[in-house]
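The following questions ask how the terms used for a structure are justified. Each answer sets a value against a criterion and then concludes.

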Amino acid sequence: MEPYETSLDVAEAVRAQSALRDQLDLTNSLGTAPEFVAGLDVSYEVDSRYAAAAAVLIELRTLEVRETAIAYGEVTFPYVPGLLAFREVPILREALGKLAGRPDVLVCDGYGIAHPRRFGLACHIGVVTGLPSFGVAKSPFGMQFVDPGSQRGDWSPIVDDGEVLGRVLRTQAGIKPVFLSVGHRVGLDQATELTLKMSREFRLPEAIRKADFLSREELRRRRRAG
DNA sequence: GCGACAG
DNA sequence: ATCTTGTCGC
């Protein structure tokens with residue numbers, strides 16, 4: 001069974017998710033100094049059927065963009081909370097495949113293991129690419145947490161059923177925090193460190209921000225072209 | 001049964 | 001996610 005074939009219904013997707021979860025590696029395999037991160041994001045047309053995905057490769061040391069890639073196409077799977085990956089992974093992989101450079105780690109707009117079935121978008125992307133990955137989400141997704149301190153770098157645990165699944169992390173003083181969780185082959189401390197490193201100026205990590213802008217720009221460009 | 005619900 | 005104006009603030 002192909003993990004993301006277009007004909008899956010919700011029940012089949014849940015089963016496919018469960019099968020993929022068996023391949024999840026929660027061990028940190030990032031070295032002390034990863035060099036390149038690829039940020040991923042998807043923007044949708046108004047009809048929510050066609051979308052643009054962006055992959056932005058940035059150099060961690062400088063936060064400068066090294067390379068970008070775009071994919072555009074129809075998204076068939078509906079948005080179902082907990083199954084976002086079945087909607088976004090195919091087009092994200094297409095964008096990723098256009099990158100010539102190889103990222104050391106991927107950052108997704110969404111959740112990793114802080115997920116109802118412990119297997120969010122960042123886990124999917126990590127497992128299917130084999131690359132280390134983690135997720136940075138903008139809203140709680142029903143997760144239980146207490147507000148972290150107001151300073152940059154302050155965090156509090158995301159807990160579900162007594163399990164620590166991630167962190168609510170303040171990336172900018174006095175600004176709404178982000179919701180961090182690991183995807184694949186990355187430790188929570190490493191993901192936290194990378195997120196802070198990439199969020200020097202804004203709430204969201206640069207790689208995700210750039211991917212967001214780029215995918216939106218692609219939609220605008222196509223609208224203007226016809 | 002009803003509301004909540006990453007993007 | 002996306003539809004949307006003005007507005008407050010640096």
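Q: Which residues are counted as being around DNA strand C?
A: In this predicted model, they are Ser43, Tyr44, Val46, Lys138 and Arg216. A residue is included because one of its heavy atoms lies within 4 Å of the strand. Sugar and phosphate make up 100% of the atoms of DNA strand C that come within 4 Å of the protein.

Q: How do you know that lysine 138 makes a polar contact with a phosphate oxygen of DNA strand C?
A: A polar side-chain atom of lysine 138 is placed 3.2 Å from a phosphate oxygen of DNA strand C. The cut-off for a pair of N or O atoms is 3.5 Å, so this pair counts as a polar contact.

Q: What makes the pair formed by arginine 216 and DNA strand C a polar contact?
A: An N or O atom in the side chain of arginine 216 is 3.2 Å from a phosphate oxygen of DNA strand C. This value is within 3.5 Å, and the pair therefore qualifies.

Q: How is the surface near DNA strand C divided by class?
A: There are 2 nonpolar, 1 polar and 2 charged residues. Lysine and arginine are counted as charged, so Lys138 and Arg216 belong to the charged class.

Q: How many residues surround DNA strand B, and which are the closest?
A: DNA strand B is surrounded by 16 residues, the closest being Tyr79, Gly82, Leu84, Lys138 and Ser139. By class, this surface has 8 nonpolar, 5 polar and 3 charged residues. Sugar or phosphate supplies 46% of the atoms of DNA strand B within 4 Å of the protein, and bases supply the rest.

Q: What makes the approach of glycine 82 to DNA strand B a polar contact?
A: A backbone N or O atom of glycine 82 is 3.1 Å from a base nitrogen of DNA strand B. Because the cut-off is 3.5 Å, the pair is a polar contact. A backbone N or O atom of leucine 84 likewise lies 3.1 Å from a base nitrogen of this strand. For leucine 121, a polar backbone atom is 3.1 Å from a base nitrogen of DNA strand B.

Q: Why are helices α2 and α3 called oblique to each other?
A: The axes of α2 (residues 84-97) and α3 (residues 121-129) come within 10 Å and cross at roughly 45 degrees. Angles under 35 degrees count as roughly parallel and those from 65 to 115 as roughly perpendicular. The angle fits neither range, and the helices are therefore oblique. Their crossing is right-handed.

Q: Which residues outside its sequence neighbourhood does valine 128 touch?
A: Leaving aside residues up to four places away in sequence, valine 128 touches Tyr4, Val89 and Arg93. Valine 128 belongs to helix α3.

Notes
Residues are numbered from 1 along each chain as its sequence is written. Chains are lettered from A and ligands numbered from 1 in the order in which they are written. This is a predicted model: local features need pLDDT of at least 70, side-chain atom pairs count only at pLDDT 80 or more; totals for chains, interfaces and linings use all residues. Side-chain values use heavy atoms; hydrogens and water are left out. Axes are lines fitted to C-alpha atoms, for helices over the stretch in contact, and angles run from 0 to 180 degrees between N-to-C directions. Helices (H or I, at least four residues) and strands (E, at least two) are DSSP runs, numbered from the N terminus. Angles under 35 degrees count as roughly parallel, over 145 as roughly antiparallel, 65 to 115 as roughly perpendicular and the rest as oblique. A crossing is left-handed if the near helix is turned anticlockwise from the far one by less than a right angle, and right-handed if clockwise. A polar contact is a pair of N or O atoms within 3.5 Å; within protein, one must be able to donate a hydrogen and the other to accept it, and residues adjacent in sequence count only if both atoms are side-chain atoms. Contact means heavy atoms within 4.5 Å.
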